[in-house]
Amino acid sequence: MKFNRNGFLLVILVLTIALVIPGCITIDGGGIGTTTTDTFEETYAVTAGARLDVQNQNGSITIVLGDGDSVVVHAVKHTNYGKSEFDKVQIEVTKGDPFTVVTNVVREPARVSVDYEIRVPRSMLVRTANDER
């Protein structure tokens, strides 16, 4: 069998292209494996001594003490499966006592995590639940 250098180089070139190009393709604003984020931030007035109840299924909950009489809800949704995954979860805020922040999954499978940072008045009582799946 005779060694064909040009044929060998052509095979190497084709294999290189086949391995590199798929990593450059994106689907729905972010390719699979590419982290895509969506940010939610709202400020709400609350009464002194109100309670805060936070429920999240997948992600972190960070509570930061602040001055004043308002709650700032800052949430970042993360996914590696494209922007359409964000439509599968909703952040629901209910004003009152208790003041609630809930991550609701509206369609399974929701391949999304939500990280919360919530700034609360020092007088607020806080309860969190994180049911990681």
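In this predicted model, D53 is a buried residue, with a relative accessible area of 13%. The cut-off for burial is a relative accessible area under 20%, so the value of 13% places D53 among the buried residues. The side chain of D53 nevertheless has a charged partner, R127, and the two meet in a salt bridge with an N to O distance of 3.0 Å. This pair links distant parts of the chain, since D53 belongs to strand β2 and R127 to strand β8, 74 residues apart. R127, for its part, is partly exposed, with a relative accessible area of 46%.

Strand β2 takes part in a second salt bridge through R51, whose side chain meets that of D97 at 3.2 Å, N to O. Here D97 sits in the loop between β5 and β6 while R51 lies in strand β2, so the contact ties together parts that are 46 residues apart in sequence. Both partners count as partly exposed: D97 has a relative accessibility of 46%, and R51 has a relative accessible area of 40%.

A further salt bridge connects two loops. The side chains of D67 and R122 meet at 3.4 Å, N to O. D67 is found in the loop between β3 (61-66) and β4, and R122 in the loop between β7 and β8, so this pair ties together parts that are 55 residues apart in sequence. D67 and R122 are both exposed. In addition, salt bridges link E85, K88 and R111 in a network. The structure holds five salt bridges in total. As a general point, side chains of opposite charge can pair when their charged atoms come close.

The overall layout is a helix followed by strands. The chain contains one helix and eight strands, and the helix comes before the strands when the elements are read from the N terminus on. The strands mentioned so far can now be placed in their sheets.

One open sheet consists of four strands in the order β5-β6-β2-β8, with mixed pairing. Its edges are formed by β5 (89-94) and β8 (125-130), each of which pairs on one side only. Neighbouring strands of this sheet are turned by 10° against each other on average, with direction ignored. Within the sheet, β5 and β6 (residues 99-105) run antiparallel and are joined by six bridges. As a guide to the eye, V93 stands opposite V101 in β6.

Another open sheet, also of four strands and with mixed pairing, has the order β1-β4-β7-β3. Its edge strands are β1 and β3, each pairing on one side only, and the twist averages 15° from one strand to the next. Following this order, β1 (residues 36-45) pairs with β4 (residues 70-79) in the antiparallel sense over 10 bridges, with T43 having V72 in β4 as its bridge partner. Strand β4 in turn pairs with β7 (residues 113-121), again antiparallel, over seven bridges. In that pairing, V73 has I118 in β7 as its bridge partner. Finally, β7 and β3 pair in the parallel sense over six bridges, and T62 stands opposite E117 in β7.

The nonpolar interior can be followed through some of these residues. In general, nonpolar side chains of soluble globular proteins tend to be buried together. The largest nonpolar core has 19 residues, and F99, V101 and I118 have the most contacts inside it. Strands β2 (51-56), β4, β5, β6 and β7 each supply at least two residues of this core. The largest share, four residues, comes from β7.

F99 offers a helpful view of this region. Leaving aside residues up to four places away in sequence, F99 touches Y44, V46, R51, L52, D53, V71, V73, V93, T94 and M124. Two of the salt-bridge residues described above, R51 and D53, are thus among the contacts of F99.

Some totals complete the picture. Of the 133 residues in the chain, 29% are buried. The accessible surface comes to about 8,600 Å², and 54% of it belongs to carbon and sulfur atoms. Among the contacts in the chain with a separation of 6 or more, 79% are between residues 24 or more positions apart.

Definitions and conventions
Residues are numbered from 1 along each chain as its sequence is written. This is a predicted model: local features need pLDDT of at least 70, side-chain atom pairs count only at pLDDT 80 or more; totals for chains, interfaces and linings use all residues. Side-chain values use heavy atoms; hydrogens and water are left out. Two strands pair if DSSP finds at least two bridges between them. Axes are lines fitted to C-alpha atoms, for helices over the stretch in contact, and angles run from 0 to 180 degrees between N-to-C directions. A nonpolar core is a set of buried Ala, Val, Leu, Ile, Met, Phe, Trp, Tyr and Cys residues joined through side-chain atoms within 4.5 Å. Buried means under 20% relative accessible area, exposed over 50%, partly exposed in between (1.4 Å probe, protein chains only). Contact means heavy atoms within 4.5 Å. Accessible areas come from the Shrake-Rupley method with a 1.4 Å probe; for residues, only the protein chains shown count as cover. A salt bridge is a side-chain nitrogen of Lys or Arg within 4 Å of a carboxyl oxygen of Asp or Glu.
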